[in-house]
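Subject: Structure handover

Hello,

Here is the structure I promised you. Please open it first, then read my notes below.

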Amino acid sequence: RRELALHYQPTVDLGKGNIVGLEALMRWRDPDLGPVPPARFIPVMEETGLILEAGRWALEQAVADFRRWQANGLHPPRVAVNVSQLQLRQKDFVATVERALSGAAGAAGVLELEITESLIMQDVEANILKLKAVRDMGAEVAIDDFGTGYSSLSYIAKLPINTLKIDRAFVMNLTRNPGDVSIVTTMISLAHSLDLTVVAEGVETLEQANLLRLLKCDEFQGYLFSPAVPAERIEQFLRENKSLPG
Ligand code: C2E
Ligand code: CA
Ligand code: CA
């Protein structure tokens, strides 16, 4: 019923303060209930299989938004789309991504897929093949919610990924909890030794951003810069070159 929308949350370079990525986050406004949080409706879509159709729509909508920004004379950074367990398990997963990117003159630099750490580690050998195939098409791959999924370190090194996103749980108390500083420092050095970009999720304060910069984290996402906002708002951000002050 066309009740779904994609909002986008910028990812920001910690050194330069500029927008370097956009994460597509699904929004549902029910006519009776109003906005329903993704944490409530996404699990139901996964149980019912509706996530296959909705996830395909999200991929196509994100590419369409990217193209529209380009057509309007902007230089959008790559858009990241979340991929659920049911989608990744489909035999035609790679074909679905290919279709979303098709018609794309130069599909490189358009799309990034976010896959949670716990999901990627299930059936890891099959996932490695699928992710290699989508990377060959020019899409990038990020591990989402890193730190929550009991990864085997021997697999992390083998995964065809570009980016590691540190879960918000480790960022939340970073400036108060020395234990979290140690964990985040270790994650950052692990990522860099594997030549991966590190993004910290859920950064809400300048203190957190400053500490993450000191720890050599590359990028962050969070309310400090912006929550997820409608596509028109992103267009404004890009036009104004919105960046983190200081
Ligand atoms: P996620 O992929 O880990 O997305 C990050 C969540 O953190 C988003 O919640 C975002 O709004 C929120 N967030 C961002 N910055 C901050 C911050 O500074 N503080 C706090 N407290 N929260 C922050 P959202 O949009 O409610 O999405 C929740 C989850 O729903 C996502 O977690 C993702 O797992 C799932 N989701 C959302 N859209 C999609 C989609 O299109 N497909 C799939 N498969 N899952 C989706
Ligand atoms: Ca995500
Ligand atoms: Ca996440």
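Start with Asp144. This residue bridges two calcium ions, ligand 2 and ligand 3, which lie 4.0 Å apart. Keep in mind that this is a predicted model.

**The calcium ion, ligand 2**

Four residues coordinate this ion: Glu23 (OE), Asn82 (OD1), Glu114 (OE) and Asp144 (OD). The distances run from 2.2 to 2.4 Å. Along the sequence, the donor residues follow the spacing E-x58-N-x31-E-x29-D. Distant parts of the chain are linked here. Glu23 is in strand S2, Asp144 is in strand S6, and 121 residues separate the two.

**The calcium ion, ligand 3**

Asp144 (OD) is a donor here too, along with Asp145 (OD). Glu201 is listed twice, each time through OE. The range for ligand 3 is 2.2 to 2.5 Å. The donors are spaced D-D-x55-E along the chain. Again, distant parts of the chain are linked. Asp144 belongs to strand S6. Glu201 lies in the loop between strand S8 (197-200) and helix H10 (206-214), 57 residues apart from Asp144.

**Ligand 1**

Where does ligand 1 sit? Look in the largest pocket. A shell of 18 residues surrounds ligand 1. The closest are Gln9, Met26, Arg27, Glu204 and Tyr223.

Which elements each supply at least two residues of this shell? They are strand S2 (19-30), helix H1 (38-48) and strand S6 (140-146). S2 gives the largest share, with 4 residues. By class, the shell has 6 nonpolar, 5 polar and 7 charged residues.

Three polar contacts deserve a look:

- Gln9: a polar side-chain atom lies 3.0 Å from a nitrogen atom of ligand 1.
- Glu23: an N or O atom of the side chain is 3.2 Å from an oxygen atom of ligand 1.
- Asp144: an N or O atom of the side chain is 3.1 Å from an oxygen atom of ligand 1.

On its own, ligand 1 has 800 Å² of accessible area, and the protein covers 80% of that.

**Tying the sites together**

Glu23 coordinates the calcium ion, ligand 2. The Glu23 side chain also makes a polar contact with ligand 1. Asp144 bridges the two calcium ions, and its side chain makes a polar contact with ligand 1 as well. I suggest viewing these two residues with all three ligands displayed.

Best wishes

Technical notes:
Residues are numbered from 1 along each chain as its sequence is written. Chains are lettered from A and ligands numbered from 1 in the order in which they are written. This is a predicted model: local features need pLDDT of at least 70, side-chain atom pairs count only at pLDDT 80 or more; totals for chains, interfaces and linings use all residues. Side-chain values use heavy atoms; hydrogens and water are left out. A residue is near a molecule or strand if one of its heavy atoms lies within 4 Å of it. A polar contact is a pair of N or O atoms within 3.5 Å; within protein, one must be able to donate a hydrogen and the other to accept it, and residues adjacent in sequence count only if both atoms are side-chain atoms. Accessible areas come from the Shrake-Rupley method with a 1.4 Å probe; for residues, only the protein chains shown count as cover. On a 1 Å grid over the protein atoms alone, a cavity is a set of points where a 1.4 Å probe fits but cannot get out, and a pocket is an open set with protein on both sides within 12 Å along at least five of seven lines; lining residues have an atom within 4 Å of a point. A molecule sits in a cavity or pocket if more than half of its atoms lie within 2 Å of its grid points. Ala, Val, Leu, Ile, Met, Phe, Trp, Tyr, Cys and Pro count as nonpolar, Asp, Glu, Lys and Arg as charged, and the others, Gly among them, as polar. Donors are N, O and S atoms within 2.8 Å of the metal (3.2 Å for Na, K and Ca); water is not among the atoms, so sites may look incomplete.
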